[in-house]
Amino acid sequence: MKAFVLEGRGKVSFIEKEEPKLLEEHGVLITPVLVSPCTSDVHTIWQGSPKRKDLTLGHECIGRILKKGREVKDFSEGEIVAISAITPDWGSPEVLENEAHAGYPFSAHSLGKSIDGAFQECFYLPHADQNLGKIPKGMDLEDALLSVDVLQTGFTAAEEAEVKEGDTVCVLGIGAIGLGAVFAAKLMGAKKIFAVGSREDSKRLAESLSSESCPVVVLDYKTCKATLPKDKHPLANSTHSPIVNAIWEETEGKGVDKVLICGGDEYALAQALDMVKYGTGIVSNVAYFGSEEDVEALEMAGQDMELSLGEKKKRKKAIDGLLLPKFSLGKGMAGKTLRFSLSKGGRKHLEWVLEKVQESGFHPSIFLTKRYHGMDKIPDALYDMKERRAIKVAVYMEI
């Protein structure tokens with residue numbers, strides 16, 4: 001069986017693997033029909049912590065069930081289904097409480113992370129009744145594909161921020177996830193959305209989501225020239241960002257109700273805290289803040305016991321962290337809320353998102369700026385995402 005795998009840090013290839021077995025009666029074997037590499041695959045390959053050799057990549061997938069276990073009640077062999085990109089371990093007591101984390105980071109992101117993913121001719125998925133989704137009748141498969149991760153994550157950003165009727169919202173980063181967050185915030189009642197990005201395709205797509213009831217104002221951080229308002233203390237804009245200044249200009253100096261961080265660099269959190277309202281503002285982050293040094297940091301942590309007391313104190317001062325601006329946090333008393341979330345997953349949330357998309361008449365497939373046919377095109381699609389040559393890419397699997 002052909003599979004696209006992670007050979008080691010920064011190394012991917014096609015190899016031959018044994019066909020997977022039905023490991024548990026609550027599981028299914030699936031052949032992929034339509035897949036999409038994403039930035040999370042890029043993180044796994046080039047930025048993430050070490051993974052096992054020859055791990056099959058891929059977690060965004062529409063597939064056909066080839067075989068199911070006896071405990072699978074709600075799905076049939078031969079049925080085309082949506083596979084949630086986030087697949088919690090429903091046998092974990094912690095997951096039953098929070099529907100995501102089994103007590104350790106990224107535990108719900110198993111496909112292509114801890115178990116073989118969708119970029120192979122057939123793959124195994126556990127807990128099918130809890131992790132698969134029924135595709136609404138008449139929904140285009142590309143729209144369903146864009147729902148399993150892009151929209152689930154975008155909705156997570158908006159849900160965690162508690163976006164409500166009448167809110168002003170800023171979305172930092174308008175790649176596919178950010179565009180999904182713009183759609184979600186609009187659907188949840190935002191009255192005005194500021195979309196921050198610089199790629200021409202992203203700006204065009206963000207503007208296409210604008211309406212009379214909820215205008216979407218695009219702010220390009222590469223060309224924005226807004227200056228600090230005269231009534232603002234210089235420390236209020238901790239990163240000297242023109243975008244923060246522009247938000248204050250647009251909101252009469254008050255800032256926005258909610259900020260959804262869906263991309264950006266290590267200064268994104270500080271900028272979000274600068275621009276969000278005092279007292280009631282919420283910053284919701286779904287962005288991945290990794291680095292090329294992740295593996296080094298992991299290795300250094302393992303050597304910690306060998307460090308002298310002086311070296312430990314020095315390292316404590318130089319932790320790998322994100323910046324929090326003291327002034328905008330009111331020296332710790334600003335009444336601003338921070339939330340950091342892995343995308344919600346599982347069947348319940350996926351089917352809710354699919355239903356919202358169907359009801360709205362929106363076609364998230366507009367985020368697809370490239371399409372390929374054939375499993376052998378997965379590397380091309382992957383590098384399109386790595387090199388930012390596409391917003392999203394679909395690969396039709398002709399197996």
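## Glu159 and its surroundings

In this predicted model, E159 is in contact with M188, K344, H349 and W352 once its neighbours within four places in sequence are left aside. The residue itself sits in helix α4, which covers residues 141-160. One of these contacts has a polar component, since the side chain of E159 makes a polar contact with the side chain of H349 at 2.7 Å.

## Two helix pairs

Two packed helices are described by the angle between their axes and the distance between the axes. The helix that holds E159, α4, packs with helix α11 (residues 346-360) at an angle of about 100°, and their axes are 9 Å apart. The two helices are therefore roughly perpendicular to each other, α4 on one side and α11 on the other. On the α4 side the contact is made by A144, S147, V148, L151, Q152, F155, T156 and E159, while α11 contributes G346, H349, L350, W352, V353, L354, K356 and V357. Both E159 and H349 appear in this contact, and it is between their side chains that the polar contact of 2.7 Å is made.

A second pair is formed by helix α1 (residues 39-47) and helix α12 (residues 378-386), whose axes come within 9 Å and cross at roughly 90°. For this reason α1 and α12 also count as roughly perpendicular to each other. The residues that meet are T39, D41, V42, I45 and W46 from α1, and L382, Y383, M385 and K386 from α12.

## A covered helix

How many of the residues of helix α8 (residues 268-275) are buried? Eight of its eight residues are buried, and the helix is accordingly described as mostly covered. These buried residues are A268, L269, A270, Q271, A272, L273, D274 and M275, a list in which Q271 and D274 stand beside residues such as L269 and L273. The elements against which the buried residues of α8 pack comprise one helix, α7 (242-250), together with the strands β9 (168-172), β12 (258-261), β13 (282-285) and β14 (337-340).

## Cysteines without disulfides

A search of the whole structure finds zero disulfides. For C170, the cysteine sulfur closest to its own is that of C262, and because the two sulfurs are 9.9 Å apart, they are too far from each other for a bond; the cut-off for a disulfide is a pair of cysteine sulfur atoms within 2.5 Å. C170 is buried, with a relative accessible area of 0%, and C38 is buried as well, with a relative accessible area of 5%.

## Loop residues

The loop between α1 and β4 (55-56) contains K51, and D54 is found in that loop too. K51 is partly exposed at a relative accessible area of 26%, and D54 likewise counts as partly exposed, at 23% relative accessibility. Leaving aside neighbours within four places in sequence, K51 is in contact with L6, T44 and K113. The C-alpha atoms of K51 and G112 are separated by 9.7 Å, although these residues are 61 residues apart along the chain.

Most residues other than glycine have a negative phi. D54, which is not a glycine, has a positive phi of about 65°, and H240 has a positive phi near 60°. H240 belongs to the loop between β11 (216-219) and α7. At 63% relative accessibility, H240 counts as exposed, whereas D54 is partly exposed.

Another loop, between β5 (61-68) and β6 (80-83), holds E79. The side chain of E79 reaches the backbone nitrogen of S76 at 3.0 Å. With neighbours within four places in sequence left aside, E79 is in contact with G63, R64, I65, D74 and K134.

## The chain as a whole

The protein chain has 12 helices and 16 strands, and buried residues make up 53% of its 399 residues. Among the contacts with a separation of 6 or more, 72% are between residues 24 or more positions apart. The accessible surface of the chain comes to about 18,600 Å², and carbon and sulfur atoms account for 51% of that surface.

Note on methods:
Residues numbered from 1 in each chain as written. Predicted model: local features only at pLDDT ≥ 70, side-chain atom pairs only at ≥ 80, totals over all residues. Heavy atoms only, no water. Buried < 20%, exposed > 50% of the residue type's maximum accessible area, 1.4 Å probe, protein only. Helix = DSSP H or I, 4+ residues; strand = E, 2+ residues; numbered from the N terminus. Contact = heavy atoms within 4.5 Å. Polar contact = N/O pair within 3.5 Å; in protein donor to acceptor, adjacent residues only side chain to side chain. Areas by Shrake-Rupley, 256 points an atom, 1.4 Å probe, with all protein chains shown as cover. Axes fitted to C-alpha atoms, helices over the stretch in contact; angles between N-to-C directions. Parallel < 35°, antiparallel > 145°, perpendicular 65-115°, else oblique.
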